[in-house]
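Q: Could you take me through the aromatic rings in this model, one step at a time? I would like a close look at how they pair up and what sits around them.

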Amino acid sequence: DADDLSEIYLRIPMNFITNLTRIWLTRSAKPFIFKNDYDQNLPFSDCENLVLYIHLPFCRNICGFCPYCKVRYSKELCDRYIDALLREIHLVGNQYIGKKTVTSLYFGGGTPALAADRFGAIIDAVKEHFIITEGIGAELHPDDVTPSVLQILKNAGVTKISIGIQSFQTKFQSMLGRTTVNAAALKNTLSIVPFETVSMDFIFALPGQTLADLKADVDAAFQNGANHVAIYPFIDFTFTSGAVAPMPRKEKQALLDAITLYCMDQGYTRSSVWTFADSRDAKYSSMTRDTFLGFGCSAATLLKDQFKINTFSVEEYCKRILAGKLPTSLTLRFSLRQRMVYYLFWTAYSTKIDARDFEKFFGIPLKKMYGMELKIAERLGFLTSENGVYHMTLKGAFYYHYYESFYTLAYIDKMWGIMRREAFPERIEL
């Protein structure tokens, strides 16, 4: 039984679980090896459904719970960084003759809106090399949701925004070191400058958080201008400075199941494990993508045969770009099975896997590679299947989250922890 297995997992070292899963699914004992080498010319010309991501790492204040690459904002440093960012965009974009079609562009951070006045120049540089078909998204701190900032972003071409609310409730904002969000002011501002998608992010599994708390946040979001919400689990990274204790597993599962059922009972569309929308047209996600190009410090690039991540150091990033070189810190060159596992892991975030898409991407039937694993997942009640499409059940969505937490702490926590200390590590094995 899956519940019995999870209790066993709780008593097994985290690295053992992730290593055993990797060995089984890749059919090899070879770890994921990230090396300090890279291709100056990136083979992205044959990538379909390509996405672009731009990282702007600047924040007014550093939140203790946030694991992402960020530094305290200064206008001088921000302008110097963006000058380098524009060079990186051209370094990569000039490798393609003509303009490459991509689905979307996302700005993350950090607090990207601190550089709102440079968005126009950045987007213009991107459009010199890429044709964007599904819009441009930008993350926002609630303090930046003002008519003037939103109008600047909209004029630059932004069509979707994601606001990091975390919670509308003071008790949780205080726990996270944030200030209370004025929901009425937020609603008024969003009515003045509308966007195609307005997503609001919330954290669940905080100490003492109840279903009533989450319902109140979700209701407040849809009542105050959102047409999409993301309810992300709190993850206790080893290198963050926050003192928030993670919620016990059984409470977390009950909470995730309950808020999922609540959102679905309200008629919201579930677009991924943690996201819900009031219409199928309201979308905001940069995670479930086959391939992507990342620009800026700490940004990652995923191609058909490699994954690379840029240096986390703003200063070293600028130096590399000024020298005419890409700012890659580490590169993983996939074996075929490793690439398949990566594809399936992140595609599953959308709560479904289409066997036709897998075969189109790899040229090999999904059942031929992982038929046994899919049967086991169905027997355990994690998946249902219909016409070659595998859908997660509520139980499957939770255990995806449960395993993703192991993956995050065993892999991402280790890698990001090292890269925060070393601009260009020699090698990391995961």
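**Charges and rings**

A: Happy to! This is a predicted model, and a good place to begin is Lys-154, whose charged end sits over the ring of Phe-195, 5.6 Å from the ring's centre. Something similar can be said of Lys-304, which lies over the face of Phe-361 at 5.7 Å from the ring centre. Phe-195 also turns up among the contacts of another lysine, Lys-160, along with Glu-134, Glu-196 and Tyr-284, to name some of them. Lys-160 belongs to strand E9 (residues 160-166) and is buried, its relative accessible area being 6%.

Now for rings that meet rings: there are 26 aromatic pairs. In one of these, Tyr-106 and Tyr-284 have ring centres 5.3 Å apart and planes at 75 degrees, over the 60 degrees needed, so the pair is edge-to-face. This pair joins distant parts of the chain, with Tyr-106 in strand E6 (residues 104-109) and Tyr-284, 178 residues away, in the loop between strands E13 (275-277) and E14 (291-295). Both tyrosines are buried.

Phe-358 and Phe-362 make a tilted pair, because their planes stand at 45 degrees, with the centres 4.8 Å apart. Here the two partners share helix H12 (residues 355-362) and are four residues apart, about one turn of the helix. Phe-358 is buried at 0% relative accessible area, and Phe-362, at 15%, counts as buried too.

Finally, ring pairs link Phe-34, Phe-307, Phe-334 and Tyr-342 into a cluster.

Notes: Residues are numbered from 1 along each chain as its sequence is written. This is a predicted model: local features need pLDDT of at least 70, side-chain atom pairs count only at pLDDT 80 or more; totals for chains, interfaces and linings use all residues. Side-chain values use heavy atoms; hydrogens and water are left out. Helices (H or I, at least four residues) and strands (E, at least two) are DSSP runs, numbered from the N terminus. Buried means under 20% relative accessible area, exposed over 50%, partly exposed in between (1.4 Å probe, protein chains only). Contact means heavy atoms within 4.5 Å. Rings of Phe, Tyr and Trp (its six-membered ring) pair if their centres lie within 6.5 Å; planes under 30 degrees apart count as stacked, over 60 as edge-to-face and the rest as tilted. A charge sits over a ring if NZ of Lys or CZ of Arg is within 6 Å of the ring centre and within 35 degrees of the ring normal. Lists of a residue's contacts leave out its neighbours within four places in sequence.
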